[in-house]
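Trainee: Could you take me through the aromatic rings of this protein at close range? I would like to see how they pair up and what sits around them.

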Amino acid sequence: IANGGQVLYLLPEIALTTQIMHRLQKVFGGDMCVYHSRCSENIRVEVWNRLTGPNPYKLILGARSAVMLPLQKLSLIIVDEEHEPSFKQEDPAPRYHDRNTAIMLASICGAKTLLGSATPSIESYSNAISGKYGLVTLEQRFRNIRLPLIDIVDTADLRRRKYMQGLFSPMLIEQIDNALSNGKQAILFHNRRGYSGTVECHDCGWVQKCDCCDVSLTFHKTTDSASCHYCGRRYKVPAACPSCGSKSLRKRGFGTERIEEEVSALFPKARVARLDLDSSKAGYESIISDFQEGLTDILIGTQMVSKGLDFDNVSVVGIIEADSIMSYPDFRATERAYQLMAQVAGRAGRKESQGTVIIQTRQPDAPVLEMVRRHDYKGFHKTQLQER
């Protein structure tokens, strides 16, 4: 900026822009703007006109679509959390990966690119260690605070011995209790929204699916409906099975809605909030700011809570079911599982003392969990390269 250039700062999630925007505005004031798909038409036109005018913004903070803005003097692109899959636009067209587009745009404009991540994608880290990219590593956390202590809990064994209280292990309940009594906060992560995974017939195995997408529907208790997470259509849950007429329909699996219900029952005095795609429609800014200001004690969320948010007072993070992210039909499933767990673990103990992370799983021997526990990214990268 001092040399007369412009900086494009890209973030993977619109929810992140609020927190980082306030911090950058204190320094850059009117020289910066924010641009993403939820901005109104008027704001978009205003940003576009200013960028093409004689006095353009010096710093542009934005989500995926900001890479398409008409930048006249681009000198630097920062891609924060470069590993995030949400940088990839699949629908609607144009289909592109924002990180790769940013690198191409920078090479066209003669600008520098800075990719930032605590858990880089396998591709980016391979490019860095092969010398294609430069590599800078930060070995210590802010104020030299130690990385969180991670415990792995075998829920299959606890269920067999009848120690589980609903979805929670005794260790996680104890840690949340300690955090609340010490005036600290907790984050609970589960990568499925809604109340339960599927609605199915106990007798014939019929599963309620979307008429258009042919994927199983997720039950949402707040709207008392089953919803398709691809196209957004909602359906009523039938009173009887359409296939065999049986009335023994049951709801399998669980989502953030059910976790919120059980947490409120276990900790009746705690102030609980939920951050996922359903709750964020009402305003994610207020959910994040309430948690940051200590007006909420326990925040339950999907992958939105793992993306670089910076909270001072969180001492406990609970990953409710690690199996759901490890057992995904995708060759990147292990990479995604490592990234999600390491990122959400990083929300604990960021300012004063070492945090605690509890990972609940039915597969405690999975190699990726041990690497997450040891914070061993290099070992993880090596095993992934061998597999691929």
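Mentor: Here is a walk through the ring pairs, followed by the charges over rings. Please keep in mind that this is a predicted model, in which local features need pLDDT of at least 70, side-chain atom pairs count only at pLDDT 80 or more, and totals for chains, interfaces and linings use all residues. Residues are numbered from 1 along each chain as its sequence is written, and side-chain values use heavy atoms, with hydrogens and water left out.

Rings of Phe, Tyr and Trp (its six-membered ring) pair if their centres lie within 6.5 Å; planes under 30 degrees apart count as stacked, over 60 as edge-to-face and the rest as tilted. By this rule there are 6 aromatic pairs. In one of them, Tyr195 and Phe219 have ring centres 6.1 Å apart and planes at 90 degrees, so the pair is edge-to-face. Tyr195 lies in the loop between β9 (185–189) and β10 (198–201) and Phe219 in strand β11 (residues 218–220), so the pair ties together parts 24 residues apart in sequence. Strands are DSSP runs of E, at least two residues, and helices of H or I, at least four, numbered from the N terminus. Both Tyr195 and Phe219 are buried (under 20% relative accessible area, 1.4 Å probe, protein chains only).

Tyr377 and Phe380 make a tilted pair, 6.0 Å centre to centre with 55 degrees between the planes. Both lie in helix α12 (residues 377–387), 3 residues apart, about one turn of the helix, and both Tyr377 and Phe380 are buried. Together with Tyr125 and Tyr338, they form one aromatic cluster.

Now the charges. A charge sits over a ring if NZ of Lys or CZ of Arg is within 6 Å of the ring centre and within 35 degrees of the ring normal. Phe219 has the charged end of Lys251 over its ring, 4.7 Å from the centre, and Arg50 lies over the face of Tyr57, at 4.1 Å from the ring centre.

Notes: Buried < 20%, exposed > 50% of the residue type's maximum accessible area, 1.4 Å probe, protein only.
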